[in-house]
Amino acid sequence: MRRLSLLCCSLLLSYPLQATQVEVMHWWTSGGEANAVAEIKQQWRAQGGQWQDFAVTGGGGKSAMAVLRSRALAATPPTAAQIKGSELLEWARLGLLRDLNDLAQNQRWDLRLPGFVRSTLSHQGHYVAVPIGIHRVNWLWFNRDLFTRLGLVPPRNWDALQALAPPLLAAGITPLAIGNDPWQLTILFEALVLGEAGHDFYRRAFINLEADQLDSPTMVALLQRFKALRALVPQRFAGLSWNQATAMVVDGRAAMQLMGDWAKGELTQAGLPPGSNIGCLPAPGNDGIFSYNIDSIAMFSLRDPAQQAAQAQLANLLMTPELQIPFNQKKGSIPALAGLPMEQFDSCARQASQALAQAQQDGHLLPSLAEGMATSSYVLQAVSDVLSHFFNDPNQTAEQASHRLRRAMLAAR
Ligand code: BGC
């Protein structure tokens with residue numbers, strides 16, 4: 001209560017409270033995600049605001065973005081939307097997003113946000129979104145009881161991961177929980193690239209888009225291994241959502257999942273302390289590398305002064321520690337605001353926060369390809385399409401896939 005009243009009064013100074021209504025588009029629809037977004041709604045309502053939820057199911061946000069585009073084309077965009085990474089710049093270039101520099105200056109965002117967060121959110125020197133949390137993408141989640149029961153050790157490299165397949169399958173357990181959705185497959189591939197070929201190759205291929213890396217022998221070898229992982233996935237993996245895959249690890253039908261730490265939100269929501277029975281480790285070979293995904297909320301350029309005031313009020317709320325701490329505890333991420341205390345977070349979040357600081361120091365903090373932080377959405381789409389066709393086509397060779405990857409990525413550039 002005290003926390004909320006402090007929050008309300010500090011905001012009162014800059015924005016008179018009014019019965020403001022916001023319509024917010026997002027794709028936080030799994031149990032854990034809904035639990036996190038409920039925190040925002042509750043704090044917003046405590047300030048006298050009204051919240052109209054515009055939630056579109058689908059991990060990675062592809063469906064949400066399609067729906068948002070049609071709303072924008074119909075000239076009826078929502079007040080605010082979950083837009084992130086390179087898509088922010090794509091929307092900003094169309095002139096559809098509100099320039100938040102006035103708010104940012106008043107609230108000294110430059111001093112409160114890490115540099116890589118500032119640059120992700122800025123278009124030509126202007127903030128175009130409010131950051132809310134930082135996810136680590138390259139994690140391995142594993143069912144500890146199951147590993148102990150079968151006398152197995154969680155894998156620290158990809159050979160070890162593949163070697164787990166025979167004993168797990170013999171015990172009737174799916175080694176790797178994943179759905180056959182291009183976005184989930186790209187997350188798996190990203191962890192594999194970072195773990196096997198390292199940060200330098202990743203940077204050259206997926207950030208710099210160096211043509212000769214895209215069908216290099218290294219890429220062919222990565223694709224070969226990627227295809228071999230097909231033997232580890234659930235028998236019915238078509239249509240399996242990322243959170244259904246997490247549930248398989250939780251109840252022991254599957255041993256592992258490679259997924260960003262929004263998976264942790266599912267654990268918290270189910271009352272399971274992250275890091276205990278469901279353990280978190282850097283994805284195999286990914287020690288010291290932090291692949292990041294920054295969640296952010298963009299505001300649309302709207303003429304209505306009441307809506308503009310509501311946007312400012314919402315932006316300010318999202319930038320408070322009082323919001324970011326409980327939101328990120330539930331979401332599985334860590335706050336985007338720099339320097340917040342991590343003691344009240346679970347052990348995986350504390351690990352993430354330390355890994356981020358270390359990776360930043362070592363130059364191993366990398367934008368996630370799968371999460372649209374590393375390339376344009378067009379290049380990402382090209383990569384995901386090639387990967388998902390390849391994964392599902394038993395006749396396509398890794399060499400063929402690498403040529404397709406090169407062609408498709410360069411054409412989409
Ligand atoms: C978003 C996360 C979300 C995840 C699964 C990612 O693209 O950044 O906030 O939890 O998709 O829906």
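This report looks at how the two domains of a predicted model meet, and then at one pair of its helices.

## Two domains in one chain

Let's start with the overall layout. The domain assignment splits the chain into domain 1, made of residues 15-135 + 293-360, and domain 2, made of residues 139-291 + 369-412. Between the C-alpha centres of domain 1 and domain 2 there is a distance of 27 Å.

## Where the domains meet

On the domain 1 side, 32 residues are in contact with 26 residues of domain 2. About 2,300 Å² of area is buried between domain 1 and domain 2, and carbon and sulfur atoms give 57% of this area. If you would like some residues to look for in domain 1, try His135, Asn293 and Cys348: they lose the most area to domain 2, together 21% of what that side buries.

Charged side chains also play a part here, with a count of two salt bridges between domain 1 and domain 2. Elsewhere on your list of things to view, Asp346 and Lys264 have side chains that meet in a salt bridge, at 3.0 Å from N to O.

## A pair of crossing helices

Now for a closer view of two helices. Helix 12 covers residues 198-207 and helix 14 covers residues 217-228; their axes come within 12 Å and cross at roughly 95°. Angles of 65 to 115 degrees count as roughly perpendicular, and helix 12 and helix 14 are therefore roughly perpendicular to each other.

Helix 12 brings Phe201, Ala205 and Phe206 to the contact, while helix 14 brings Thr218, Met219 and Leu222. Of the residues in this contact between helix 12 and helix 14, five are nonpolar, one is polar and none is charged.

Conventions:
Residues are numbered from 1 along each chain as its sequence is written. This is a predicted model: local features need pLDDT of at least 70, side-chain atom pairs count only at pLDDT 80 or more; totals for chains, interfaces and linings use all residues. Side-chain values use heavy atoms; hydrogens and water are left out. Axes are lines fitted to C-alpha atoms, for helices over the stretch in contact, and angles run from 0 to 180 degrees between N-to-C directions. Helices (H or I, at least four residues) and strands (E, at least two) are DSSP runs, numbered from the N terminus. Angles under 35 degrees count as roughly parallel, over 145 as roughly antiparallel, 65 to 115 as roughly perpendicular and the rest as oblique. Contact means heavy atoms within 4.5 Å. Ala, Val, Leu, Ile, Met, Phe, Trp, Tyr, Cys and Pro count as nonpolar, Asp, Glu, Lys and Arg as charged, and the others, Gly among them, as polar. Domain bounds come from an automatic or database domain assignment. Buried area is the accessible area (1.4 Å probe) that two parts lose on being put together, summed over both. A salt bridge is a side-chain nitrogen of Lys or Arg within 4 Å of a carboxyl oxygen of Asp or Glu.
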